[in-house]
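Dear colleague,

I am passing on to you the structure below, together with some notes on its aromatic rings. Please keep it open while you read, so that you can find each residue for yourself.

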Amino acid sequence: LIEPHMLQAREALSLAAREGMTSSHWDDAQRFATTARMLSPRSPQPPLVLGEIALAQGNLNRATEWLELALTLDEDENTARTGLARVAMARRDHDTAERLFREAAARQPQDWKVWSHLGWLLTETTQFDEAEVILKRSAALAGSTEPGPHMLLAALYLAWDRPTTALVHAERSVQLARQAPDLRAEAHFLRGRAFFALDELREAELDFQQAVFADSRHTAARGEIGHVRALQGDLPAAIESYRQVLAIDPGNAAARENLGRLDAQLLRAELGADGTPP
């Protein structure tokens with residue numbers, strides 16, 4: 001009875017996540033999931049989607065309520081358990097997040113996504129050795145078509161200051177992301193970061209541009225284009241890149257700081273060494 005509503009709720013949630021916080025699809029997802037909840041109050045599925053909506057919108061208290069309800073309705077609902085772990089990560093409660101991810105992995109040891117979540121948490125908490133083991137397990141379980149584990153391995157090796165190995169997995173993720181358009185931008189961004197760490201600035205910029213081409217709102221990639229152009233001495237182009245970041249995300253403190261610094265540097269260059277026009 002509720003499946004059509006749940007299907008529409010999940011589709012709307014996917015569209016909303018893709019379009020950002022101003023998307024009208026958030027309301028659609030909320031409405032369909034709420035209708036499903038009214039039709040089947042004992043099903044854990046509507047609370048799961050309502051929890052995902054709240055988590056995506058940053059309402060951590062509400063997300064916790066919905067996900068805990070889903071877990072109460074079905075203690076084997078691992079998606080609720082991993083959702084609560086993600087809430088704990090957002091709250092920087094790494095101990096709780098790790099415990100919940102490990103519980104989820106023990107319950108579903110063949111689920112590569114659960115191992116990916118745990119591996120990423122271990123990366124964030126600089127437990128690199130175990131993160132490597134966990135993420136390689138995730139990649140093996142996922143098979144040869146999923147870019148996600150390779151993207152996380154690339155991010156791990158970048159954090160671990162092993163850019164050559166990061167590039168291998170970033171290259172693999174770019175290849176696999178050709179069949180996963182939603183991940184294409186991030187795959188190119190990671191490969192760009194690996195090239196950048198190896199001082200291959202031209203290749204890095206090309207990948208950052210590909211990331212922006214795949215997702216015009218990818219502010220991190222635009223910021224890295226600015227970084228590359230600043231290093232190459234093209235201050236006007238770098239300034240324009242940071243302005244583009246701020247046009248999309250006016251609260252981006254790093255872009256604002258970089259823009260101010262480069263504006264001052266360009267002004268000094270235009271005035272000359274003695275502070276007067278040449």
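The notes below deal with the aromatic pairs and then with the charges over rings.

Please bear in mind that this is a predicted model. A pair of aromatic rings is described by the distance of the centres and the angle of the planes. The structure holds three aromatic pairs, and one of them is formed by Tyr157 and Trp160, whose rings are stacked, with 6.1 Å from centre to centre and 0° between the planes. Tyr157 has a relative accessible area of 1% and is therefore buried, whereas Trp160, at 21% relative accessibility, counts as partly exposed. Ring pairs also join Tyr157 and Trp160 with Phe128, so that the three form a cluster.

Another pair is made by Phe189 and Phe208, with ring centres 5.7 Å apart; their planes stand at 45°, so this pair is tilted, because the angle is neither under 30 degrees nor over 60. This pair links distant parts of the chain, since Phe189 belongs to helix H11 (residues 181–197) and Phe208 to helix H12 (residues 201–214), with their positions 19 residues apart in the count. Phe189 is buried at a relative accessible area of 9%, and Phe208 is buried as well, at 0%.

Where do the charges over rings come in? The charged end of Arg162 sits over the ring of Trp160, at 4.4 Å from its centre, and Arg137 lies over the face of Trp115, 4.3 Å from the ring centre.

With best wishes

Definitions and conventions: Residues numbered from 1 in each chain as written. Predicted model: local features only at pLDDT ≥ 70, side-chain atom pairs only at ≥ 80, totals over all residues. Heavy atoms only, no water. Phe/Tyr/Trp six-rings, centres within 6.5 Å; stacked < 30°, edge-to-face > 60°. Buried < 20%, exposed > 50% of the residue type's maximum accessible area, 1.4 Å probe, protein only. Helix = DSSP H or I, 4+ residues; strand = E, 2+ residues; numbered from the N terminus. Lys NZ or Arg CZ within 6 Å of the ring centre and 35° of its normal.
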